[in-house]
Structures are given as structure tokens and as C-alpha cells.
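Grab your viewer and work through these exercises at your own pace. Try each task before reading its solution.

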Amino acid sequence: MPGEFTWPTGMRAAAAFTFDLDAESCALAADRSNHDRMSLMSHQSYGPQVAVPRLLEILARQDVTATFFVPGLSAEMYPDTVRRIVDAGHEVAHHGYTHEPMGSLTRRQEARVLDRGLEALDAVAGVRPVGYRAPWWELNWHTPELLLERGFRYESSLLDGDRPYVMGCPDSDATGSLVEIPVDWALDDWEQYAFYPGWTGSGVIESPVKAKEMWFLEAQAMHRENGCFVLTNHPFLSGRPGRAHQLEELIERTKALPGMWVTTLERIAEHTASLGLPTYRHRRMSAEQVRDAFSHVDE
């Protein structure tokens, strides 16, 4: 029936293993003076230099094609790594230029970020990405229209669904739509592993076994719910040996779930777009509505 979400014939759910190749960019975006911290920069460069080759070997052994979200700066600093990802048949998607804090940017500034990131990916690897993930998953109300103007077909930064859906522009009457493939903070390795003194994290670094079990419970639940399991990993975190080995076990177990379609976000978006789903427009509260909602305590 048109408008009803279904997976391809023989599939009951989908899973995507995605990697944000942030490298130095996210540390610089948090504090530009971090470039003077040699040890911190080495912590970040571990991702493209050491972890990505290990992860590519795992993906090849498991016969899984993944999606790599690559900031433009990471592509320019590590062109051989990005070309190796492309040559292995994986999807490369857009993830800002320097992992900019998007919530602080104007529409014009964000347009520049998108364009500079596109230029970098094209120059380094000849890639014109169809997918986008906002740094820190911080989408602006004007972002969907900017993405449509540049020919993007899907976006993966929002947290309001268990399955993909078709999204219109919430802030304008612009025509066209994007496929939204939702994410979840529980399915991000940052909350499990990220720690660096004076920069990020609580100091509690979780066991990879604990992370694997938690993520597999989510994969099983999404499988039961006919949903879409999207795991977000950062190579400088999940590419460390013990974590990478547990990640491979997670991939094996997820692949073994009957009818689980393990693929890229691009292919999930293509399938979703083919279903003829109705377009959903997010509702944005006005400043006046927010003031009125709190008027009883502000007076």
C-alpha cells in the first residue's frame, strides 16, 4: 500500500554501521588552541592513521559496506585514508568542514560550511556525497533547505524515529524532501569511550564488552520492531584493538539476525524514497509560544 513503510522483500529490519572520521577536527572545533596540544592531536590522528585500516579489514572480513561521514578538513589532512575508504567500496558522506558547532552558525555561515566540505571531498576523492550528518547531530531549522539546494538525498542527525521517514523543510515552503535516518545517543561510542583530560568525557571509560552487549540489545529490539539500527562509531575511539574486536563480534551477531539488512545509509535512503511515503514537516515553536508556555511562572 502506498505510504506504508516496508523493508525490501525478505528483510524485516535494517542495520547500518557508520563511522565519523572526525580526527583532529572535533578537538579543534571545541577549542582552536588545541592544535598546540601534541598529545591530544596524536590521540585524534590515531583514527585515520591506525584505526581506519583496522576497521576496513574488519568490514572486508564481514562483507559489510559501511558509511563514513568525513569532515572536509579530515579529507584534506588524510587524503590517502579517504581514498582507501572509497576504493574499498564504502560510502563517504558529508560531516561539516571542521566539525563546526552548527547551532551557533547563521544560514549563510552554514552554507559556506557545506560548500567547503563538498569541495574538499570532491578534490580529494572525486566524491559528491548524497548524505549528511551534522557535527554533534546539531541540525538547524534552516539546514534541510540548504541540503536540498545542494542535491543531498538524505540526512542523519535527528532522534525522533525508529525507522527512516521523508522530511520536508520546516522553515520554508521550499519544494522537495529528504530522507531522515534517525540516530540515538545510546548508539554512539562517544558516550562509552570518549575521554581526554581537559577536553571531553567524564573519565569513565566503559568496557567494550559492556558496549557490545548494550548495542546488541538495541539491534535485537530494532529487529523485533522492524526498525533501523544505526550505530555511530569514531575510529579514534572504536578503532582501538579491544574495542574493534568487540565491534566485529557485534557485526557478526547483528548480521545473523534473520532478515536483517546490513547496508549503507545511502541504500536505506534510496529504498525509503521509493516507498511513496507522505512528507513529514517538523513543527517549530515560535518565541511567542515559548514565552506564553512559561508566562505563569515569569510574571
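**Exercise 1. Get the overall picture: how much of the chain is buried, and how does its radius of gyration fit the globule rule?**

Start with burial: 54% of the 299 residues of the chain count as buried, where buried means under 20% relative accessible area, exposed over 50% and partly exposed in between, with a 1.4 Å probe and protein chains only. Keep in mind that this is a predicted model, where local features need pLDDT of at least 70 and side-chain atom pairs count only at pLDDT 80 or more, while totals for chains, interfaces and linings use all residues. Residues are numbered from 1 along each chain as its sequence is written, and side-chain values use heavy atoms, with hydrogens and water left out.

Next, the size. A compact globule with 299 residues would have a radius of gyration near 19 Å, and the chain agrees because its own value is 19 Å. That radius is taken over C-alpha atoms, and the globule rule is 2.2 Å times the number of residues to the power 0.38. Along the principal axes, the C-alpha atoms fill a box of roughly 50 × 50 × 45 Å.

Then count the secondary structure: 13 helices and 10 strands. These are DSSP runs numbered from the N terminus, helices being H or I with at least four residues and strands E with at least two.

Last step, contacts, meaning heavy atoms within 4.5 Å. Of the chain's contacts with a separation of 6 or more, 76% come from residues 24 or more positions apart.

**Exercise 2. Place Val82 and Thr263: which residues does each one touch?**

Take Val82 to begin with. Val82 sits in helix H4, residues 79-87, and counts as buried because its relative accessibility is 1%. Skip the neighbours within four places in sequence, and the contacts of Val82 are Leu21, Val70, Ala75, Val124 and Ala125. For a C-alpha check, Asp20 is 62 residues from Val82 in sequence and 12 Å away in space.

Now Thr263, in the loop between strand S9 (260-262) and helix H11 (265-273). A relative accessible area of 4% makes Thr263 buried. Ignoring residues up to four places away in sequence, Thr263 touches Ala15, Ala16, Phe17, Thr65 and Ile268.

**Exercise 3. Sort out the rings: how many aromatic pairs does a search of the whole structure find?**

The search gives 10. Rings of Phe, Tyr and Trp (its six-membered ring) pair if their centres lie within 6.5 Å; planes under 30 degrees apart count as stacked, over 60 as edge-to-face and the rest as tilted.

One of the pairs is Tyr132 with Phe152, edge-to-face at 6.1 Å centre to centre and 65° between the planes. This pair links distant parts of the chain, with Tyr132 in strand S4 (residues 131-132) and Phe152, 20 residues apart from it, in the loop between helix H6 (143-149) and strand S5 (154-155). Both Tyr132 and Phe152 are buried.

Now try Tyr165 and Tyr280: their ring centres are 5.9 Å apart and the planes are at 90°, so this pair is edge-to-face. Tyr165 belongs to strand S6 (residues 165-167) and Tyr280 to strand S10 (residues 279-280), 115 residues apart. Tyr165 counts as buried at 13% relative accessibility, whereas Tyr280, at 43%, counts as partly exposed.

To finish, look for a cluster: ring pairs join Phe5, Trp7 and Trp261.

**Exercise 4. Find the charges over rings: which ring face does Arg240 lie over, and which does Arg253?**

Use this test: NZ of Lys or CZ of Arg must be within 6 Å of the ring centre and within 35 degrees of the ring normal. Arg240 lies over the face of Tyr46, 3.6 Å from the ring centre. Arg253 lies over Phe216, 4.2 Å from that ring's centre.

**Exercise 5. Check the backbone: what is phi near for Asp63 and for Trp136?**

Most residues other than glycine have a negative phi. Asp63 has a positive phi, near 55°. Asp63 is in the loop between helix H2 (38-62) and strand S2 (67-70) and counts as exposed at 72% relative accessibility.

Repeat for Trp136: phi is positive and near 55° here. Trp136 is in the loop between S4 and H6, and its 33% relative accessibility makes Trp136 partly exposed.
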